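Hi,

Here is the structure I said I would pass on. Have a look at it first, and then read my notes below.

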Amino acid sequence: MKTALSIAGSDCSGGAGIQADIKTMLANDVYAMTVITALTAQNTLGVNAILEVPTEFVEKQLESIFQDIYPNVVKIGMLSSSSTIQKVAEILQKYQVKKVVLDPVMVATSGSPLLHNDAIKDLQKFLFPLATLVTPNIPEAEILSGISIRGEEDMEKAARKIAETYHCSVLCKGGHQISTANDLLFDKGTYTWFYGKKIDNPNTHGTGCTLSSAIASNLAKGYSLQDAIQHSKDYLSSALHSMLNLGKGSGPLHHGFLISKKEY
């Protein structure tokens with residue numbers, strides 16, 4: 001069985017972060033492991049508090065994983081401090097990790113900030129160059145590129161700038177657009193568009209975590225980058241189409257929609 005490691009924060013409400021990653025990896029048939037970087041007190045209405053895990057303990061978690069069950073892929077989500085970012089980069093290099101999906105989590109779906117401003121530069125400096133794929137949404141891509149994104153041409157400019165600056169492939173996610181959900185991959189000088197219809201579902205808590213974890217899972221199973229993205233986009237669309245409706249705010253997805261359809 002292929003294995004995947006998620007390095008991210010915990011979402012006690014189960015819709016995003018570590019919890020979404022585990023559910024997604026299980027649904028995509030890989031064995032999930034986790035290194036928790038922060039505890040969050042949050043729900044579908046927003047983030048109420050964040051408790052960072054000390055960098056020294058993050059390191060102990062990482063060493064415990066790599067010394068026993070070596071992951072086929074690493075997915076990185078919420079890293080809230082510069083010291084943790086640098087330590088994660090150090091461990092990835094030490095163990096020569098080849099497949100890394102980096103979701104540059106800066107702001108929660110609810111709009112709550114999740115990454116200190118002084119840590120954004122360290123994320124770019126230390127982890128972007130180690131990533132197989134970076135998966136910013138439109139607001140994150142604007143921050144990373146310095147380009148205001150108003151349409152597909154702007155997405156192409158932003159993706160290229162991020163990729164060429166940090167020497168990684170970039171998937172610019174278009175879910176924040178009003179009428180479409182088209183994603184753009186810039187990989188090795190080539191643009192590839194993944195087209196999707198906007199799904200009329202206000203419950204989008206954890207969509208970024210879910211997509212990046214699904215891509216990581218499919219890379220672990222040996223799919224090409226383009227095929228991994230397409231399979232993952234299809235999975236995310238189905239999870240949204242299931243129309244799970246929990247909570248008083250932007251609710252979670254139905255990560256286990258395939259399990260619900262099974263007959264026992």
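Let me start in the strands, at a single pair of residues: glycine 9 has alanine 38 of E2 as its bridge partner. That contact belongs to a longer run, with nine bridges joining E1 to strand E2 (residues 31-43), and the two strands are parallel. Before I go on, please keep in mind that this is a predicted model.

E1 and E2 also belong to a β-α-β unit: together with helix H1 (residues 17-27) they make a right-handed one. E1 has another partner as well, strand E4 (residues 73-76), which runs parallel to E1 and is joined to it by four bridges. On that side, isoleucine 7 is matched with isoleucine 76 of E4. As for cover, nine of the nine residues in E1 are buried.

Just ahead of that strand things look rather unlike this. Methionine 1 sits in the segment before E1 (3-11), and it counts as exposed because its relative accessible area is 69%, where the cut-off is over 50%. Met1 also takes part in a nonpolar surface patch with Tyr31 and Ile69, and the accessible area of the three together is about 330 Å².

Now the rings. How many aromatic pairs are there? The count comes to six. One of them is phenylalanine 66 with tyrosine 70: the ring centres are 5.5 Å apart and the planes sit at 70 degrees, so this pair is edge-to-face (the class needs over 60). The two partners are not covered alike: phenylalanine 66 is buried, at 6% relative accessible area, while tyrosine 70 is partly exposed, at 38%.

Tryptophan 193 and tyrosine 195 make a stacked pair, with 6.1 Å from centre to centre and 20 degrees between the planes. Here, too, cover is uneven: tryptophan 193 is buried with a relative accessible area of 17%, whereas tyrosine 195 is exposed with 56%.

Phe66 and Tyr70 turn up once more in a cluster, where ring pairs link them with Tyr95.

If you only have a few minutes, I'd put E1 on screen with its two parallel neighbours, E2 and E4, and then go over to the Phe66, Tyr70 and Tyr95 cluster.

Cheers

Key:
Residues are numbered from 1 along each chain as its sequence is written. This is a predicted model: local features need pLDDT of at least 70, side-chain atom pairs count only at pLDDT 80 or more; totals for chains, interfaces and linings use all residues. Side-chain values use heavy atoms; hydrogens and water are left out. Patches are made of residues with over 30% relative accessible area and no salt bridge: like charges are joined within 9 Å, nonpolar side chains (Val, Leu, Ile, Met, Phe, Trp, Tyr) within 5 Å. Accessible areas come from the Shrake-Rupley method with a 1.4 Å probe; for residues, only the protein chains shown count as cover. A salt bridge is a side-chain nitrogen of Lys or Arg within 4 Å of a carboxyl oxygen of Asp or Glu. Buried means under 20% relative accessible area, exposed over 50%, partly exposed in between (1.4 Å probe, protein chains only). Two strands pair if DSSP finds at least two bridges between them. A crossover is right-handed if, with the strands pointing away from the viewer, the path from the first strand over the helix to the second runs clockwise. Rings of Phe, Tyr and Trp (its six-membered ring) pair if their centres lie within 6.5 Å; planes under 30 degrees apart count as stacked, over 60 as edge-to-face and the rest as tilted.
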